Amino acid sequence: MMDQSNKSTKVRKTRKSSRTLFEPTDEQRRQVEEMAGFGLPERLIAKSMNIDEAILNRCFKNELDVGIIRANIKVAENLFRQAIKDDPKSISVAIFWAKTRMGWKETITNETRISFIERDHLDLEV
């Protein structure tokens with residue numbers, strides 16, 4: 001799944017120095033986007049790609065940003081499909097959706113009722 005080696009990495013030298021610039025491949029871009037979508041920390045993504053974290057942030061900024069968005073879209077689509085099924089199992093998914101997406105919540109109300117007769121025997125000011 002993830003290429004541990006840097007064999008396919010394009011490297012070019014800059015004109016002003018002998019320093020090399022990292023040029024990511026399309027496959028590396030796909031891998032970084034996927035790992036970001038899974039929620040892996042950037043330091044682990046960089047380590048798995050065998051690059052410095054600064055290079056990861058500079059060369060893969062878009063993939064890091066978009067990865068989690070695309071993953072959330074896939075999960076939301078699946079959650080929505082599950083919630084609208086005509087199946088008793090979908091009730092919990094629909095409740096989860098209502099609470100997280102629609103702001104619904106369960107509240108507990110404690111009611112105490114005291115009759116007039118009981119109230120007269122208590123030292124309460126009404």
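**Close-up views of the predicted model**

**View 1. Glu63 is a buried residue of helix α4.** Glu63 has a relative accessible area of 8% and therefore counts as buried, the limit being under 20%. The coordinates shown here and in the other views belong to a predicted model. Helix α4, in which Glu63 is found, covers residues 61–83. Beyond four places in sequence, the residues touched by Glu63 are Arg29, Val32, Glu33 and Ala36. Two of these contacts, Val32 and Ala36, are also members of the largest nonpolar core.

**View 2. The largest nonpolar core contains 12 residues**. Its members are Phe22, Val32, Met35, Ala36, Ile45, Ala46, Met49, Ile51, Leu56, Cys59, Phe60 and Leu64. Helices α1, α2 and α3 each contribute at least two residues to this core. In soluble globular proteins, nonpolar side chains tend to be buried together.

**View 3. Leu56 is a buried core residue in helix α3**. The relative accessibility of Leu56 is 0%, so this residue counts as buried. With neighbours within four places in sequence set aside, the contacts of Leu56 are Val32, Glu42, Ile45, Ala46, Ile51, Lys61 and Leu64. Among them, Val32, Ile45, Ala46, Ile51 and Leu64 belong to the largest nonpolar core. Phe22, also listed in this core, lies 34 residues from Leu56 in sequence, with a C-alpha to C-alpha distance of 9.6 Å.

**View 4. Asn50 has a positive phi in the loop between α2 and α3**. The phi angle of Asn50 is near 60°, a positive value in a residue other than glycine. The loop that holds Asn50 connects α2 (42–49) with α3 (53–59). In the sequence, Met49 and Ile51 flank this position, and both are listed in the largest nonpolar core.

**View 5. Glu27, Arg30 and Glu34 form a network of salt bridges**. Between Glu27 and Arg30, the closest N and O atoms are 2.6 Å apart. These two residues lie 3 residues apart in helix α1, about one turn of the helix. The salt bridge of Glu34 with Arg30 has its closest N and O atoms 3.7 Å apart. Glu34 and Arg30 are also separated by about one helical turn, because they are 4 residues apart in helix α1. Glu27 and Arg30 each have a relative accessibility of 39% and so count as partly exposed. Glu34, at 26%, is likewise partly exposed.

**View 6. Glu106 and Lys99 are joined by a salt bridge**. The closest N and O atoms of this pair are 2.6 Å apart. Glu106 is exposed, because its relative accessible area of 62% is over 50%. Lys99, by contrast, is partly exposed, with a relative accessible area of 37%. The structure holds 6 salt bridges, including this one. Side chains of opposite charge can pair when their charged atoms come close.

**View 7. Confidence varies along the chain, from strand β1 to helix α1**. The average pLDDT of the chain is 82, and 74% of the residues score at least 70. Confidence is highest in helix α1 (residues 26–37), with a mean of 97, and lowest in strand β1 (residues 10–13), with a mean of 54. Over residues 2–8, pLDDT stays under 50, and the model has 14 contacts beyond four places in sequence for this segment. Where pLDDT is low, the predicted coordinates should not be read in detail.

Methods: Residues numbered from 1 in each chain as written. Predicted model: local features only at pLDDT ≥ 70, side-chain atom pairs only at ≥ 80, totals over all residues. Heavy atoms only, no water. Buried < 20%, exposed > 50% of the residue type's maximum accessible area, 1.4 Å probe, protein only. Contact = heavy atoms within 4.5 Å. pLDDT = per-residue confidence, 0-100. Core = buried A, V, L, I, M, F, W, Y, C linked by side-chain atoms within 4.5 Å. Salt bridge = Lys/Arg side-chain N within 4 Å of Asp/Glu carboxyl O.
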